[in-house]
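Hello,

Here is the structure I promised to pass on to you. Please open it alongside this email, and my notes follow below.

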Amino acid sequence: MKLTDAEQAMYDGHDGRAVARAMDLLVRYGQALGAERLVDTSNVAGTVVSPSPRKLEMVREGGFEKAFSELNLDSDETVEVPRARVYTCQLIQTFGADTAHLHNGSRELMTLQSDAERFFGSRGVHLMSTCTPYQVGNVPVKGEHCAWMESSAVVYCNSVLGAMTNTEGTESTGAASLTGKIPYWGYHLPDNRFGTHLVDIQIHVDDMMDWGLLGYYVGEIVQDEIPVLDGMWSQPELVKLKHFGAAASSSGGVEMYHIPGITPEAPTLESAFGGREPVATITYGARERRIAYENLNSSATDQDVDFVMLGCPHNSVEQIWRAAKLLDGKRLHDGTQLWMHTPRALREVADRSGYTKIVEDAGGHIMSDSCPAISRVVPPGTKVVATDSAKQAHYLPAISGLQTWFGSVEDCVGAALTGRWSGGLR
Ligand code: F3S
């Protein structure tokens with residue numbers, strides 16, 4: 001790999017041992033990928049704060065320096081952790097101590113997370129603690145090179161914002177935060193960003209549930225290729241695109257898509273494909289929508305719901321407001337829990353707007369920092385879940401062995417109020 005003089009100096013240790021170890025990691029990683037060079041980035045979204053049993057052991061042995069060196073820099077040598085060189089934000093982590101009374105999550109890990117927040121906050125990591133950094137101020141511009149983790153954030157970054165990132169990992173984002181560099185390959189190259197599959201949409205794709213179903217179906221077919229959605233009948237907004245991308249990246253590995261006339265790199269259908277022919281055309285109609293719905297609901301048989309989860313990817317304020325309106329003046333069914341997940345910064349807005357009080361008066365909770373799939377934390381005794389998220393419905397049965405119903409926000413709030421699942425395709 002070719003390094004500039006400045007990169008070579010970092011590699012040789014002119015900026016300290018941590019930066020040298022970070023450069024060593026990036027060079028090894030880039031060589032394995034076949035990248036010829038690095039590219040500058042000033043936008044990193046990774047995870048340095050998230051706790052785990054392994055990290056707990058390392059911190060006990062050698063502090064956060066040892067944990068960061070091994071887990072974020074892949075370095076046997078323990079190095080001092082300097083301040084981040086470029087804008088770096090923390091993605092999702094586990095639940096914070098403020099929710100400890102709601103679940104049986106590990107107290108040790110919560111304490112580790114609080115300690116990590118203090119340590120890495122002092123090193124310049126912005127503690128957004130959400131899988132949707134683009135909802136709370138991290139909004140890179142078109143063409144900006146980023147180093148982001150988290151599949152639902154990556155697909156939003158590439159497709160809706162037109163910024164450029166691969167799906168990075170704990171190590172590469174740790175190294176990028178100290179160097180402002182990332183290997184130049186994959187979605188950083190303009191030629192790799194054109195559509196591959198044409199999706200011919202023949203039905204009205206309307207609400208969030210529809211967009212989740214469309215994403216789930218398309219992702220399963222195209223896997224890690226780039227779908228181009230054609231036949232859009234209504235203007236999608238942030239929430240719908242957020243759900244489409246999250247679903248497509250969980251049933252497949254979609255990191256980028258185009259919607260001609262809507263997403264920034266596809267002013268026309270032709271430009272979405274870069275003048276090339278699609279490798280295949282996928283039809284999406286009522287039959288395909290039903291297949292996606294049945295696949296997502298295949299784990300559930302018991303209609304008694306004990307836990308309703310909304311907010312994967314993390315809810316916007318608008319989503320909290322809509323759910324609060326459905327709950328206003330009502331009470332949850334005895335024995336059914338409702339958790340709504342949102343970035344902590346948006347929880348503050350929900351608090352000030354009175355939405356949190358409506359949700360809590362009904363018996364629900366607004367939670368920040370994490371989600372059940374990542375934290376492996378659900379209310380004690382949960383067996384049957386209902387969720388409005390295709391991504392969460394995809395992962396929860398596999399991760400936690402829970403029966404999981406997928407449906408609209410209205411179906412899910414209805415289940416929270418009655419304790420019964422009565423959702424279905426309209
Ligand atoms: Fe976010 Fe957890 Fe869903 S990380 S996208 S809420 S699985």
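Helix α7, residues 208–222, lies across the strands β7, β8 and β9, and its direction makes an angle of about 150° with β9. Please keep in mind as you look that this is a predicted model.

The three strands under discussion form an open sheet, arranged in the order β8-β7-β9 with parallel pairing. Because β8 (227–230) and β9 (280–284) stand at the edges and each has a single partner strand, one side of each is left without a neighbour in the sheet. On average, neighbouring strands here are turned by 25° against each other, ignoring direction. If you would like to trace one pairing by eye, try β7 (residues 197–201) with β8: the two are parallel and are paired over four bridges. A handy place to start is V199, which stands opposite L229 in β8. As a reminder, strands of a sheet pair through backbone hydrogen bonds, in either a parallel or an antiparallel way.

There is another sheet to look at. This open sheet has five strands in the order β12-β11-β10-β13-β14, and the pairing is parallel. Its edge strands, β12 (365–367) and β14 (403–406), each pair on one side only. From one strand to the next, the twist averages 25°. Within this sheet, β10 (residues 307–310) and β13 (residues 384–387) run parallel and are joined by three bridges; M309 has T387 in β13 as its bridge partner. A helix lies across this sheet's strands as well: α16 (residues 409–418) lies across β10, β11 (337–341) and β13, at about 150° to β10.

Now to the ligand. Where does the ligand sit? You will find the ligand in the largest pocket. The residues surrounding the ligand are I92, C131, E150, S152, G311, C312, P313, C371, A373, I374, K391 and Q392. Two elements, α14 (372–375) and α15 (390–400), are the ones that give two or more residues to this shell. By character, the shell divides into seven nonpolar, three polar and two charged residues.

Some of these shell residues deserve a closer look at their backbone. Most residues other than glycine have a negative phi, and most peptide bonds are trans. E150, one of the residues around the ligand, has a positive phi of about 80° although it is not a glycine. You can find E150 in the loop between β5 (147–148) and α5 (151–159). C312 and P313, also among the residues around the ligand, are joined by a cis peptide bond with an omega of about -10°. P313 has its place in the loop between β10 and α11 (317–327), and β10 is the strand that M309's sheet shares with β13 through three bridges.

Happy browsing, and do write back with any questions.

Best wishes

How values were computed: Residues numbered from 1 in each chain as written. Predicted model: local features only at pLDDT ≥ 70, side-chain atom pairs only at ≥ 80, totals over all residues. Heavy atoms only, no water. Near = heavy atom within 4 Å. 1 Å grid on protein atoms, 1.4 Å probe; cavity = no way out; pocket = protein on both sides within 12 Å on 5 of 7 lines; lining within 4 Å. Sits in = over half its atoms within 2 Å of the grid points. Nonpolar A, V, L, I, M, F, W, Y, C, P; charged D, E, K, R; others polar. Pairing = 2+ DSSP bridges. Axes fitted to C-alpha atoms, helices over the stretch in contact; angles between N-to-C directions. Contact = heavy atoms within 4.5 Å.
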